[in-house]
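Could you walk me through this model in the viewer, one selection at a time? I would like to know what to click next and what is there.

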Protein chains: 2
Amino acid sequence: MASDIVELGKRAQQAAYQIGQLGTEQKNSILKLMAEALIENTSEVLEANQKDLESAAKLPSNFVDRLTLTEERIEGIAEGLKQVAQLQDPIGNVDKAWINKAGLSIAKRRVPLGVIGIIYEARPNVTVDAAALCFKSGNAVILRGGKEALHSNLKLAEILRAVLNDNDVDINAIQIIEDTSHETAGRFMELTDYLDVLIPRGSARLIKAVVDNAKVPVIETGAGNCHVYVDDDSDKKMSADIIVNAKCQRPAVCNSMEKLLIHKNVAVEYLPYIAEKLRPYHVELRGDKETQQILGSGVKPVTEEDWYTEYNDYILAIRVVDSIDEAIAHINKYNTKHSETIITNNYQRSQQFLDQIDAAAVYVNASTRFTDGFEYGFGAEIGISTQKLHARGPMGLEELTTTKYVVRGQGQTRN
Amino acid sequence: MASDIVELGKRAQQAAYQIGQLGTEQKNSILKLMAEALIENTSEVLEANQKDLESAAKLPSNFVDRLTLTEERIEGIAEGLKQVAQLQDPIGNVDKAWINKAGLSIAKRRVPLGVIGIIYEARPNVTVDAAALCFKSGNAVILRGGKEALHSNLKLAEILRAVLNDNDVDINAIQIIEDTSHETAGRFMELTDYLDVLIPRGSARLIKAVVDNAKVPVIETGAGNCHVYVDDDSDKKMSADIIVNAKCQRPAVCNSMEKLLIHKNVAVEYLPYIAEKLRPYHVELRGDKETQQILGSGVKPVTEEDWYTEYNDYILAIRVVDSIDEAIAHINKYNTKHSETIITNNYQRSQQFLDQIDAAAVYVNASTRFTDGFEYGFGAEIGISTQKLHARGPMGLEELTTTKYVVRGQGQTRN
């Protein structure tokens with residue numbers, strides 16, 4: 001593969017014109033063949049991964065874990081390819097169509113974005129996931145993964161590209177940036193002539209770096225400082241169940257809960273019960289003065305910085321509020337516009353919360369953990385957008401498309 | 001009004017929370033009152049405009065023309081406000097709604113973007129148009145117009161804000177940047193904490209400056225290097241009618257035609273006829289060798305730079321092509337992805353053109369001039385997007401909105 005980034009861009013754009021025209025059946029068949037090819041080449045993939053792991057031996061264990069491939073994990077990745085083959089293809093769908101006053105037939109048709117750039121960390125599974133979603137939605141993709149996973153990524157891409165080649169599809173529909181220097185990453189983020197969009201996947205730090213440095217349009221994904229607000233008219237057990245689920249079921253992900261706001265009228269009764277339910281998970285509690293008074297010395301004082309922080313860990317900050325208005329103001333001030341929940345039996349306050357909270361997903365009486373492509377029924381997702389332009393919330397295949405107006409006339413001219 | 005740009009951003013964000021919740025009837029009633037207020041204060045507006053015109057006396061006449069307000073033009077602007085009041089309000093619409101496997105009721109609801117920044121030239125009518133569209137779609141707006149129109153813009157905003165104030169709506173829903181220095185414009189484009197989107201309206205140069213310098217997400221509008229391709233199986237008269245309309249009906253706008261590609265099999269017959277039809281408009285023709293051979297010495301040689309240029313004037317560049325494939329390759333190489341037309345009687349080639357051309361709007365047998373919010377039936381537009389993210393083509397009210405997932409449960413937690 002070429003190491004010059006402009007050359008990669010040119011090749012991707014060329015490939016995009018071809019794969020944008022592929023039929024659904026052909027794309028699905030190729031995705032299934034890719035799954036088979038991955039399984040067949042398991043030992044080669046593991047060998048490449050081993051090289052990466054040897055260099056990464058001294059890195060933190062959770063980093064190494066995400067970098068590690070096993071036979072079982074490769075099967076999982078192959079399964080993911082087959083699932084993408086099952087998803088409905090958005091390309092060619094018509095969002096709406098009408099006849100205008102001049103008699104033109106106008107249709108708003110779904111078409112691929114063109115060339116998508118993905119910047120991510122040392123997680124080889126993302127290489128295949130992202131390539132599959134981009135391919136299925138008719139887009140060429142340029143992948144820039146963490147340098148620690150380069151051997152794995154190159155081998156995975158080699159396998160996918162061989163399948164493209166066997167099926168007379170331009171192999172440059174899937175390309176890896178081999179040169180993992182910062183300088184090349186910088187040039188990649190400025191490749192406006194060839195890249196239609198850049199999607200960073202990973203930590204808040206990675207995403208911020210891309211947003212700050214890119215000239216190519218970016219879709220911001222991921223950061224989730226999610227809140228649960230417990231209203232005074234609410235069910236105590238439901239509150240505890242949702243809080244335990246939202247905080248503890250998988251704390252490292254973006255849709256997990258980070259903050260609990262609770263109405264003063266129920267704080268004395270509910271907080272000890274909730275703390276009791278969280279105890280088996282060893283959740284560290286941080287609270288305002290009222291919370292500390294209620295729960296005692298086990299609760300650390302919360303700081304202003306805490307309110308802004310996405311812990312992604314077994315930590316929960318708690319604030320006692322005087323009203324739903326105070327809760328809404330707090331959330332709109334500190335949240336990352338990801339997912340927010342109210343627990344209430346009161347109709348008016350459920351509506352107020354849904355209307356006034358500014359976030360990608362707003363819930364009544366449900367866990368924030370539901371903000372997810374699979375849970376919403378979209379299937380695999382490329383990320384969860386926390387911005388407002390183009391896509392907001394879980395991004396499935398449709399969010400990797402744009403539209404064009406296809407207009408058929410009989411010689412019309414404008415008056 | 002505050003001159004500090006961060007203060008403007010904070011106030012806009014505060015106002016956005018209020019006006020995002022206004023009902024359609026209230027917004028429409030305010031828009032109609034704004035129209036009345038403009039008419040009532042015509043003399044004050046003309047007086048402010050006169051100050052701008054005095055300073056601009058030595059500027060080019062078309063610049064001064066766009067800056068000039070008259071009683072009739074103010075009536076036109078007021079009429080525009082009433083038309084925006086008539087448009088359907090997208091806020092609160094549900095794009096789709098479903099029950100997921102966990103039994104959650106999920107609705108994708110249209111909500112305002114929040115705070116919109118508009119950067120434009122010395123055209124006071126844009127001040128009111130943009131403010132009206134942003135207000136109707138529930139967004140706060142910060143307007144940064146050309147410095148030569150500052151007196152006019154401040155007076156217009158004063159009138160609109162007085163109507164907001166009379167109706168207990170936060171006046172900071174509409175704000176003008178009084179400090180028209182480049183430094184403040186630069187800070188405005190980096191106001192990521194408060195601005196949700198920046199929309200430049202005006203020349204290609206203005207748009208490029210915003211795209212290059214903004215850190216806030218930008219929607220690129222406007223530049224239109226539009227082509228008409230005349231297939232060999234086509235109607236001669238229809239070809240000439242569409243070309244004359246697309247080139248001459250209003251050459252200064254983005255959806256006018258700039259380039260003619262014509263199949264070699266009909267070039268000898270059609271080109272003299274088309275040139276004859278263009279003659280009354282004094283269109284300057286530039287052509288490749290074949291065109292020069294057919295049309296003679298009146299045709300200037302076309303340069304590589306011509307193919308990239310949006311003339312916005314009575315100039316047309318012509319190329320004779322061997323095939324539709326050559327035409328499509330030419331267009332996809334040089335176009336600005338705005339509007340492209342094929343004139344043909346052939347079914348397969350009409351489909352090929354619609355499928356393979358990469359542009360916001362692709363036409364068969366119709367003038368490129370139809371790419372317009374009014375012609376598409378959307379009503380007034382904020383611009384025509386030539387980018388692929390968020391919105392593509394004419395941007396009406398819906399394109400000034402985003403969505404949020406509104407999810408109602410009964411205590412669901414995730415497995």
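## First stop: a helix in chain B

Select L31(B), which sits in helix α2 (residues 24–40) of chain B; helices here are DSSP runs of H or I with at least four residues, strands are E runs of at least two, and both are numbered from the N terminus. This is a predicted model, in which local features need pLDDT of at least 70, side-chain atom pairs count only at pLDDT 80 or more, and totals for chains, interfaces and linings use all residues. Residues are numbered from 1 along each chain as its sequence is written, chains are lettered from A and ligands numbered from 1 in the order in which they are written, and side-chain values use heavy atoms, with hydrogens and water left out.

Is L31(B) buried or exposed? Its relative accessibility is 0%, so L31(B) counts as buried (buried means under 20% relative accessible area, exposed over 50%, and partly exposed in between, with a 1.4 Å probe and protein chains only). Now show what surrounds L31(B): setting aside neighbours within four places in sequence, its contacts are L81(B), V84(B), A85(B), A132(B), F135(B) and K136(B). Contact here means heavy atoms within 4.5 Å. For a distance to draw, try L31(B) to V163(B): they are 132 residues apart in sequence, with 8.8 Å between their C-alpha atoms.

## A strand in chain B

Next, pick L260(B) in strand β8 (residues 257–263) of chain B. L260(B) is buried too, at a relative accessible area of 0%. Beyond four places in sequence, L260(B) is in contact with V228(B), V230(B), I243(B), L271(B), I274(B), L316(B), A317(B), I318(B) and R319(B). Then draw a line from L260(B) to G114(B): these residues are 146 apart along the chain, and their C-alpha atoms are separated by 42 Å.

## A loop in chain B

Stay in chain B and go to D168(B), in the loop between α7 (150–166) and β5 (174–176). What should you look at in its backbone? Phi of D168(B) is near 55°, a positive value in a residue other than glycine. Most residues other than glycine have a negative phi. D168(B) counts as exposed, with 67% relative accessibility.

## Across to chain A

Switch to chain A and select T341(A), in strand β12 (residues 339–343). T341(A) is buried, with a relative accessible area of 0%. Which residues does T341(A) contact, leaving aside neighbours within four places in sequence? They are H227(A), V228(A), Y229(A), F353(A), Y363(A), N365(A), A366(A), S367(A) and T368(A).

Then move to L69(A), in the loop between α4 (61–67) and α5 (71–86) of chain A. Although this is a loop residue, L69(A) counts as buried at 7% relative accessibility. Not counting residues up to four places away, L69(A) touches V45(A), L46(A), N49(A), I74(A), I77(A) and P124(A). From L69(A) to L400(A) the C-alpha distance is 27 Å, across 331 residues of sequence.

## H390 and the axis

Now select H390(A), in the loop between β14 (383–385) and β15 (393–395) of chain A. H390(A) is not a glycine, yet it has a positive phi of about 70°. With a relative accessible area of 21%, H390(A) is partly exposed.

Add H390(B) to the selection: of the residues of chain B, H390(B) comes closest to the rotation axis, its C-alpha lying at 1.7 Å. What rotation superposes chain B on chain A? A rotation of 180°, with 0.0 Å of shift along its axis, does so at an RMSD of 0.0 Å (a least-squares fit on the C-alpha atoms of residues with pLDDT of at least 70 in both copies). The two copies are thus related as by a two-fold rotation axis. Colour the interface next: 100% of the interface residues of chain B are also interface residues in chain A, so the copies meet through the same surface.

## Zoom out

Finally, bring the whole of chain A into view, with its 16 helices and 16 strands. Its C-alpha atoms fill a box of roughly 70 × 70 × 35 Å along the principal axes. Of the 415 residues of chain A, 59% count as buried. Among the contacts in chain A with a separation of 6 or more, 72% involve residues 24 or more positions apart.
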